[in-house]
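Hi,

Here is the structure I promised to send over. Have a look at it first, and then read on for what turned up when I went through it.

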There are 4 protein chains.
Amino acid sequence: MKAAILGISGYTGMILLRMLADHPEIKEIIPVSSSKPGEKIIDIDPGIGKAVMEKTAALNNCVVDISSAVTQKPDVVFAALPHLASATTCEPFFGKSVVIDLSADLRIKDHDLFQKAYNTPPPRPDILKIAVYGLCEIYEKEIKKADVIANPGCYPTCTLLPIIPLAAKGFIQGTIVTNALSGISGAGKKATIGNLYVERTENTCAYLPGKTHRHFTEIKKELDSFDKSLEIFFNPHLVPIKRGMHAASVVSLKSNVSEQDIEKVYNEYYGNKKFIVLKGKKLPETRDVWGSNRCDISWQIQDGKILLFSVIDNLIKGASGQAVQNMNIRFNFDEALGLKQYGEL
Amino acid sequence: MKAAILGISGYTGMILLRMLADHPEIKEIIPVSSSKPGEKIIDIDPGIGKAVMEKTAALNNCVVDISSAVTQKPDVVFAALPHLASATTCEPFFGKSVVIDLSADLRIKDHDLFQKAYNTPPPRPDILKIAVYGLCEIYEKEIKKADVIANPGCYPTCTLLPIIPLAAKGFIQGTIVTNALSGISGAGKKATIGNLYVERTENTCAYLPGKTHRHFTEIKKELDSFDKSLEIFFNPHLVPIKRGMHAASVVSLKSNVSEQDIEKVYNEYYGNKKFIVLKGKKLPETRDVWGSNRCDISWQIQDGKILLFSVIDNLIKGASGQAVQNMNIRFNFDEALGLKQYGEL
Amino acid sequence: MKAAILGISGYTGMILLRMLADHPEIKEIIPVSSSKPGEKIIDIDPGIGKAVMEKTAALNNCVVDISSAVTQKPDVVFAALPHLASATTCEPFFGKSVVIDLSADLRIKDHDLFQKAYNTPPPRPDILKIAVYGLCEIYEKEIKKADVIANPGCYPTCTLLPIIPLAAKGFIQGTIVTNALSGISGAGKKATIGNLYVERTENTCAYLPGKTHRHFTEIKKELDSFDKSLEIFFNPHLVPIKRGMHAASVVSLKSNVSEQDIEKVYNEYYGNKKFIVLKGKKLPETRDVWGSNRCDISWQIQDGKILLFSVIDNLIKGASGQAVQNMNIRFNFDEALGLKQYGEL
Amino acid sequence: MKAAILGISGYTGMILLRMLADHPEIKEIIPVSSSKPGEKIIDIDPGIGKAVMEKTAALNNCVVDISSAVTQKPDVVFAALPHLASATTCEPFFGKSVVIDLSADLRIKDHDLFQKAYNTPPPRPDILKIAVYGLCEIYEKEIKKADVIANPGCYPTCTLLPIIPLAAKGFIQGTIVTNALSGISGAGKKATIGNLYVERTENTCAYLPGKTHRHFTEIKKELDSFDKSLEIFFNPHLVPIKRGMHAASVVSLKSNVSEQDIEKVYNEYYGNKKFIVLKGKKLPETRDVWGSNRCDISWQIQDGKILLFSVIDNLIKGASGQAVQNMNIRFNFDEALGLKQYGEL
């Protein structure tokens with residue numbers, strides 16, 4: 001199989017390159033960048049080794065532009081591009097390749113919600129209609145048939161995976177309060193003073209709290225699809241880690257729900273999933289899943305509330321890893337092919 | 001004035017040493033440690049410079065033991081000792097020196113609450129009765145007359161300062177959800193695998209969540225003294241910063257309370273306080289207060305909730321700095337004497 | 001093939017566990033620890049995922065002790081144990097399994113040198129005699145026939161790989177000055193105050209400089225085997241990174257040696273090696289090789305000196321990765337099997 | 001006294017603001033920036049507290065432009081501006097205020113050397129002639145009479161302080177090899193991808209090694225003024241710390257120089273200096289001097305070489321702190337006024 005990566009020089013593009021080089025079903029990778037066509041990949045990304053370069057050998061280890069990528073007819077296209085630029089850039093591939101879009105462009109089907117979150121109408125309403133939300137553990141069946149997959153955001157993935165089973169069963173109620181911690185790579189590879197090493201090391205802060213982060217909208221629309229009565233306040237924070245994400249939610253449990261009920265529903269949803277580790281009361285650490293496609297989930301009941309804790313690697317399960325998992329599901333490969341289940345030390 | 005520091009080799013002791021060396025009213029510092037009597041301070045703490053050593057010159061720059069410290073009749077004693085060891089170690093100073101205890105031993109007056117949080121009865125019930133809770137911006141009047149001051153914990157200081165004015169006015173109701181992030185120095189200078197650099201860098205996690213952290217009890221008993229109807233869930237997290245603390249609370253606002261009411265009450269409580277910076281909707285960063293005795297507070301109202309954000313340096317306003325501020329208040333010095341108002345870059 | 005890992009709970013043991021779980025020729029892993037027999041691996045190391053556990057399934061995912069490991073007749077034993085404990089612990093495996101010792105016990109054949117570096121005679125002189133120094137790119141031929149392999153130290157690996165080709169050709173002379181920077185994981189997983197997060201973050205220092213570090217002896221004896229006239233001063237430093245190692249050497253070039261000569265000899269030695277990337281004048285970063293088994297090498301000539309720069313991941317090419325590479329060579333697998341060539345982002 | 005800070009929004013400007021606010025002889029601070037005139041200081045730098053703002057009260061806490069600063073006739077001007085922009089920007093102050101230039105513009109008197117290092121002739125040859133190199137512990141006498149002071153670079157300060165006494169006495173010979181480690185703040189507050197948190201955390205590398213860094217020229221011309229026969233190779237590295245600098249030099253000792261000679265000369269030069277701590281064989285850590293104006297120096301003799309180790313805070317003794325020390329010397333204040341001698345924990 002042939003895969004194109006649009007946006008090879010960003011963090012998610014660079015990780016996709018590594019993952020696909022390791023993937024036994026991918027025979028050739030087409031690295032694409034509008035800003036760096038003709039450059040050697042090794043110059044853009046000196047971390048790749050000789051084996052990665054072999055998979056791009058047909059291209060002489062060089063980055064190509066979109067039009068050249070189109071002529072090579074990739075089976076699958078990963079769009080690792082900025083929000084609002086992605087869907088339009090993918091245009092020439094729709095209908096020809098399976099497109100997995102890592103941006104937010106195709107995640108929110110409701111016109112008004114999108115407009116509110118992004119201050120502009122959604123870019124391709126026709127494509128939006130057929131796009132499937134690629135939260136793998138929840139929408140496997142839909143993904144199998146999708147030609148356009150909207151890869152979920154990192155915050156929604158980390159926040160929703162522990163909540164959805166409880167919401168789907170009607171176990172919870174009222175207002176959820178979620179506090180999430182994100183690694184700095186979530187901001188992408190852009191030169192800004194705010195994300196300099198000196199500004200972020202030994203520093204932490206909240207940003208866009210309550211209902212103001214764009215991912216709030218993505219989380220809320222998913223929650224609505226399971227239980228419209230749930231409200232949520234979502235406080236994201238920056239913490240000085242390169243990669244990783246942690247979500248802690250405090251949720252009101254309905255009075256008739258027992259610990260056994262909770263355990264049962266989690267096992268039902270995730271017991272046989274390769275990338276979900278159910279930890280019971282043991283609290284997870286982001287380091288446990290660093291570099292892996294895992295989401296570790298922990299829960300405990302206190303005084304009528306259920307406390308939920310979940311961790312992912314924001315660049316893997318929160319981006320490139322889930323994108324490869326979506327490809328695996330869509331092409332009927334083993335879901336875990338080419339993906340790591342262990343966290344780096 | 002002569003000051004003794006019990007526990008000179010821990011982080012809060014080392015910082016007290018620096019602060020008191022800078023303090024114009026302190027003429028001599030007696031560095032005390034039960035484990036290192038006779039050792040040169042400079043060997044324990046190579047970061048101190050020549051000026052700090054001059055203030056301990058009478059002692060030949062050496063650490064002394066408790067009994068030697070007693071004979072020198074310090075005016076004020078700072079106990080920077082482990083919980084459950086502090087109050088008993090301070091015994092020979094009670095009634096002779098003003099004692100400022102940085103441990104938790106004298107913070108919780110209720111016997112049962114203490115027992116529940118620390119699995120043992122409070123160490124000195126007689127002293128507990130006269131101890132004043134040293135949250136400086138709230139209990140200034142009481143501190144002025146106190147001979148024993150229980151210096152507040154870092155989490156309670158950071159969490160309570162934004163909440164107390166609202167609770168005191170009856171502006172809030174229901175269940176507060178607080179998520180707090182702490183620097184690793186909060187765990188003290190103890191050799192444990194869990195706090196090794198390799199274990200904590202690029203890693204984050206929650207611990208003792210909901211109602212299980214000992215500081216939960218301290219927070220709850222303070223809240224109760226303003227409004228017994230308030231409930232709180234408190235989720236502390238470790239983030240890879242050496243120093244610093246961040247609290248984010250989501251609180252239900254009573255329906256008749258306006259933004260103007262909030263601003264007014266904060267100005268009333270803190271407008272003229274040197275160590276509180278009211279930031280309105282601008283969110284604070286822990287770096288802003290690094291090394292200072294400040295607490296920066298931010299708030300915003302969304303859909304019936306008030307979101308509160310506050311930052312301190314856990315070792316300064318959360319420990320040694322507030323201890324010096326307590327001394328300043330108690331001895332009628334300028335509250336800010338010897339304390340920094342700016343954060344290090 | 002069956003592999004035993006002695007010292008499963010240390011950092012190199014934990015990484016070996018992950019690597020061998022990914023290795024296509026290893027069918028079963030025997031995790032061994034004298035301190036934790038009977039414990040579930042997942043409790044010692046929550047970072048491993050479901051796939052890693054499957055490879056230890058026969059053991060019920062539990063750690064065993066040495067004697068139990070012996071009865072299972074592993075084909076290969078990785079000893080990830082403290083110096084001076086390793087060779088004696090491996091006793092029951094010598095002659096039965098191929099032993100790859102990650103400690104320093106079998107690296108220095110000279111009795112007096114060992115005595116001087118470790119203050120004790122070498123533990124097993126008989127085994128020492130047959131042990132092969134496992135610097136893979138240099139001693140491939142010897143490793144193929146070895147039943148006991150002394151896996152090199154991280155500093156020697158990083159320092160020697162760029163120097164050996166030049167020394168072997170007689171291109172250099174006089175006194176080499178090497179400055180090396182090491183990640184904190186080099187100190188192992190031991191509870192010490194000196195390696196606490198608070199002590200090491202935002203801090204850097206030299207330690208055991210010149211000729212006083214134990215790895216100095218290991219480096220010097222290797223240099224001697226190529227050119228006895230070379231002297232070296234070796235200054236190691238601690239820098240606040242979890243993993244990674246950087247060496248910078250300033251070396252006097254003989255006057256008749258040209259840039260072309262240098263390039264030629266490096267290509268001769270390393271041009272077809274999968275884990276060496278020759279970068280010419282482009283300087284390497286430790287991040288480039290993080291998590292990989294690579295050593296990236298850079299050089300430039302200035303005013304009669306050649307400046308050499310090299311980077312490795314101290315836990316991979318400097319420990320567990322080179323150990324697996326040694327196994328691959330010894331058992332005639334592809335040298336790169338189960339090892340990563342790209343650095344994590 | 002009135003002080004102007006040109007370039008208030010950079011790191012050295014922000015630190016000068018804090019230091020001068022603490023300085024008892026400075027009654028008013030004029031914050032200057034060409035890019036942000038009219039902006040509130042607190043918006044540019046939320047870390048400053050109420051006390052800092054009081055010292056700029058006359059300006060309504062706002063930044064002004066150069067021409068407005070000129071009309072206010074500051075006694076002293078600190079130019080914390082980019083290289084090659086500084087000397088010309090200072091034009092209107094020469095002859096009227098004492099100018100302390102933190103850039104490299106006035107450090108190198110030799111036209112050709114400057115041209116070689118900066119690819120352009122030195123900006124103000126007339127001023128260059130009267131400028132004094134402000135290495136405080138060495139040129140105190142000259143600084144006392146200077147109206148223009150060229151504040152030394154961080155690498156030269158850290159490297160030269162341990163070497164100069166030995167060079168001045170003729171104790172050393174041949175080629176010095178220096179390896180230096182710098183905190184990331186040395187690159188200033190500029191938005192570049194290379195200095196993003198994600199790029200620099202858990203990463204280390206050398207850059208501009210040997211004789212290619214601009215500070216090499218500055219170091220070499222100083223060395224020359226003591227002993228022209230000395231050669232030096234200077235390898236700077238980036239390490240992931242916000243602030244701090246470490247230099248390690250390996251130097252050939254003349255055969256007749258004893259340990260006692262070394263100790264004597266260091267005591268002669270630095271024994272009574274407030275900001276130099278002589279540590280003998282005890283190795284320094286950058287953390288020891290974090291936030292202080294100190295340089296800690298350590299040395300040991302091995303096999304004919306003397307190994308030198310020194311640490312500074314690159315933003316304090318390596319920039320803003322030494323600038324204030326220069327002001328203190330020039331205006332006959334106590335050299336240590338307003339400067340810290342202890343390192344933050």
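Chain A and chain B meet through 42 residues on each side. Keep in mind that this is a predicted model. Putting these two chains together buries about 3400 Å², and carbon and sulfur atoms account for 59% of that. On the chain A side, the residues that lose the most area to chain B are A:Glu202, A:Thr204 and A:Phe233, which together make up 16% of what that side buries.

There is a fair amount to list across this interface. The rule finds 6 salt bridges between chain A and chain B. One to click on is B:Asp303 with A:Lys211, where the closest N and O atoms are 2.7 Å apart. On top of that come 21 residue pairs in polar contact, counting pairs with both residues at pLDDT 80 or more. If you want to know where the chain A side comes from, these elements each supply at least two residues: strands E7 (172-182), E8 (205-206), E9 (231-238), E10 (245-253), E12 (295-302) and E13 (305-312), plus helix H10 (197-200). Sorted by class, that side has 19 nonpolar, 12 polar and 11 charged residues.

As for symmetry, a turn of 180° with a shift of 0.0 Å along the axis lays chain A on chain B, at an RMSD of 0.0 Å. Both copies use the same surface, with 100% of the contact residues of chain A recurring in chain B.

Now for chain D and chain A. Here the contact takes 18 residues from each chain, and the buried area is about 1700 Å², 71% of it from carbon and sulfur atoms. How many salt bridges are there between chain D and chain A? The count is 0. Polar contacts do turn up, in 6 residue pairs with both partners at pLDDT 80 or more. Helix H10 (residues 197-200) of chain D gives the largest share of the chain D side, with 4 residues. By class, the chain D side that touches chain A comes to 9 nonpolar, 4 polar and 5 charged residues.

Chain D can be laid on chain A by a turn of 180° and a shift of 0.0 Å along the axis, with an RMSD of 0.0 Å. The two copies are therefore related as by a two-fold rotation axis. The same surface serves both here too, since 100% of the contact residues of chain D recur in chain A.

Next, salt bridges in general. Over all chains the count comes to 92. Three that sit within a chain are worth pulling up on screen.

- A:Asp313 pairs with A:Arg243, with the closest N and O atoms 3.0 Å apart. This one links distant parts of the chain: A:Asp313 is in the loop between E13 and helix H13 (316-330), A:Arg243 is in the loop between E9 and E10, and they are 70 residues apart. A:Asp313 counts as buried at 1% relative accessibility, and A:Arg243 is buried with 1% as well.
- A:Glu344 pairs with A:Lys340 at 2.8 Å between the closest N and O atoms. A:Glu344 is buried at 8% relative accessibility, and A:Lys340 is buried at 17%.
- D:Glu218 and D:Arg107 meet at 2.9 Å, N to O. D:Glu218 belongs to helix H11 (residues 214-226) of chain D, while D:Arg107 is in the loop between E4 and helix H6 (111-118), 111 residues apart. D:Glu218 is buried at 1% and D:Arg107 at 5%.

The chain A pairs belong to a wider picture: A:Arg243, A:Asp313, A:Lys340 and A:Glu344 are linked with C:Arg243, C:Asp313, C:Lys340 and C:Glu344 in a network of salt bridges.

Two single residues to finish. D:Phe93 lies in the loop between helix H5 (86-89) and strand E4 (98-101) of chain D. Is D:Phe93 buried or exposed? At 1% relative accessibility, D:Phe93 counts as buried, because the cut-off is under 20%. D:Phe93 touches D:Leu6, D:Ile66, D:Ala69, D:Val70, D:Pro74, D:Val77 and D:Val99, leaving out residues up to four places away in sequence. D:Ile66 is 27 residues from D:Phe93 in sequence, and their C-alpha atoms are 9.7 Å apart.

C:His213 sits in the loop between strand E8 (205-206) and helix H11 (214-226) of chain C. C:His213 is buried, with a relative accessible area of 10%. With residues up to four places away in sequence left out, C:His213 touches C:Tyr155, C:Tyr207, C:Leu208 and C:Pro236.

Cheers

Definitions and conventions:
Residues numbered from 1 in each chain as written. Chains lettered and ligands numbered in written order. Predicted model: local features only at pLDDT ≥ 70, side-chain atom pairs only at ≥ 80, totals over all residues. Heavy atoms only, no water. Buried < 20%, exposed > 50% of the residue type's maximum accessible area, 1.4 Å probe, protein only. Contact = heavy atoms within 4.5 Å. Buried area = accessible area lost by both parts, 1.4 Å probe. Salt bridge = Lys/Arg side-chain N within 4 Å of Asp/Glu carboxyl O. Polar contact = N/O pair within 3.5 Å; in protein donor to acceptor, adjacent residues only side chain to side chain. Nonpolar A, V, L, I, M, F, W, Y, C, P; charged D, E, K, R; others polar. Least-squares fit on C-alpha atoms with pLDDT ≥ 70 in both.
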